[in-house]
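Here is a set of short exercises to work through with the model open beside you. Try each task before you read the solution.

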Amino acid sequence: MASSAKNSSAANSGKKGDIVLDDDYRPSPDEEFMNERQLAYFKRALEQWKHDIIEESKETLAHLQDGPIQEADLNDRASSETDWGLELRTRDRQRKLTSKIDAALRRIEEGEYGYCQVTGEPISLERLEARPIATMSVEAQEAHERNEKISRDQ
């Protein structure tokens, strides 16, 4: 069984140049920050995320194209219109997220991925794992949010 799991893992591995992307690979703080393997890992994760969003949006669009709302009952019609509104808002969020993913992929190509756009310091691997589109370190993000709150309160 272990051998078939290993073969399955090898079959699902991606490849970028000479870098083999194993499905079990996770970036480690023990490695050089944003080495080729880490960049390939995050690029693959971002591309997969974008692919999933696009597939989901195709389903949403197909559902929306099913036709106009024609329920005779006013309550059913209101419920359907609310559902449509939610789907459209979700689609808009997905569109914005897709553009953030594209920006992260550009940063990978330009060699800027993984570094805080405010301080230039590395963004922690844990943060990038949780939010691969992050552009600021936790500290810079917190300072930004504090400044934003102060501006709003004034």
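**Exercise 1. Find the aromatic residues that ring pairs link into a cluster, and sort out the pairs.**

Solution. Keep in mind that this is a predicted model.

Step 1. Ring pairs join Tyr25, Tyr41, Phe42 and Tyr113 into a cluster.

Step 2. Count the pairs next: the structure contains four aromatic pairs. One of them is Phe33 with Tyr115, whose ring centres lie 5.2 Å apart with the planes at 85°. Planes over 60 degrees apart count as edge-to-face, so this pair is edge-to-face.

Step 3. Place the two residues. Phe33 sits in the loop between β2 (19-21) and α2, while Tyr115 sits in the loop between α3 and α4 (125-130). The pair therefore ties together parts that are 82 residues apart in sequence.

Step 4. Check the accessibility of Tyr115. Its value is 29%, and partly exposed covers what falls between the 20% and 50% cut-offs, so Tyr115 counts as partly exposed.

Step 5. Now take Tyr41 and Phe42, which also form an edge-to-face pair, at 5.1 Å centre to centre and 80° between the planes. Both of these residues are buried.

**Exercise 2. Which residues does Leu39 contact, leaving aside its neighbours within four places in sequence?**

Solution.

Step 1. Locate Leu39: it belongs to helix α2 (residues 36-64).

Step 2. Decide whether Leu39 is buried or exposed. Its relative accessible area is 18%, and the cut-off for buried is under 20%, so Leu39 is buried.

Step 3. List the contacts. With those close neighbours set aside, Leu39 touches Met34, Ile108 and Tyr113.

Step 4. Follow the chain to Tyr113. This residue is 74 places from Leu39 along the chain, yet their C-alpha atoms are 7.9 Å apart. Tyr113 is also a member of the aromatic cluster from the previous exercise.

Step 5. Look at another C-alpha separation from Leu39. Glu109, 70 residues away along the chain, has its C-alpha atom 9.1 Å from that of Leu39. Glu109 is in helix α3, and at 56% relative accessibility it counts as exposed.

**Exercise 3. What is the phi of Met34, and where does this residue lie?**

Solution.

Step 1. Start from the usual case: most residues other than glycine have a negative phi.

Step 2. Compare Met34. Its phi is near 55°, a positive value in a residue other than glycine.

Step 3. Place the residue. Met34 is in the loop between β2 and α2. With 9% relative accessibility, Met34 counts as buried, and it is one of the contacts of Leu39.

Step 4. Set a glycine beside it. Gly111, just after α3, takes a positive phi of about 80°.

**Exercise 4. Describe helix α3: how many residues does it have, and how far does it reach?**

Solution.

Step 1. Helix α3 has 37 residues and spans 54 Å from its first C-alpha to its last. That is close to the 54 Å expected at 1.5 Å a residue.

Step 2. Pick out the buried positions. They are Ser80, Gln94, Thr98, Ile101, Ala104, Leu105, Arg107 and Ile108.

Step 3. Recall the helix geometry as you look at that list. There are 3.6 residues a turn, so residues three or four places apart point the same way.

Step 4. Zoom in on Thr98, which has a relative accessible area of 13% and is therefore buried. Apart from neighbours within four places in sequence, Thr98 contacts Lys50 and Ile53. Its C-alpha atom lies 9.5 Å from that of Leu46, 52 residues away along the chain.

**Exercise 5. Which residues line the largest pocket, and which helix gives the largest share?**

Solution.

Step 1. The largest pocket has a volume of about 160 Å³.

Step 2. Its lining consists of Lys100, Ala103, Arg107, Arg127, Arg131, Ile133, Ala134, Thr135, Met136 and Gln141.

Step 3. Sort them by class: four are nonpolar, two polar and four charged.

Step 4. Helix α3 (residues 74-110) supplies the largest share, three residues.

**Exercise 6. What pattern does the protein follow along the sequence?**

Solution.

Step 1. Count the elements: five helices and two strands.

Step 2. Read in order, they give α-β-β-α-α-α-α.

Step 3. Add the overall burial: 27% of the 154 residues count as buried.

Step 4. Finish with contacts between residues at least 6 apart in sequence; of these, 47% join residues at least 24 apart.

Notes:
Residues are numbered from 1 along each chain as its sequence is written. This is a predicted model: local features need pLDDT of at least 70, side-chain atom pairs count only at pLDDT 80 or more; totals for chains, interfaces and linings use all residues. Side-chain values use heavy atoms; hydrogens and water are left out. On a 1 Å grid over the protein atoms alone, a cavity is a set of points where a 1.4 Å probe fits but cannot get out, and a pocket is an open set with protein on both sides within 12 Å along at least five of seven lines; lining residues have an atom within 4 Å of a point. Grid points are joined across faces, edges and corners, and a volume is the space filled by probe spheres set on the points. Helices (H or I, at least four residues) and strands (E, at least two) are DSSP runs, numbered from the N terminus. Ala, Val, Leu, Ile, Met, Phe, Trp, Tyr, Cys and Pro count as nonpolar, Asp, Glu, Lys and Arg as charged, and the others, Gly among them, as polar. Buried means under 20% relative accessible area, exposed over 50%, partly exposed in between (1.4 Å probe, protein chains only). Contact means heavy atoms within 4.5 Å. The expected span of a helix is 1.5 Å times one less than its number of residues. Rings of Phe, Tyr and Trp (its six-membered ring) pair if their centres lie within 6.5 Å; planes under 30 degrees apart count as stacked, over 60 as edge-to-face and the rest as tilted.
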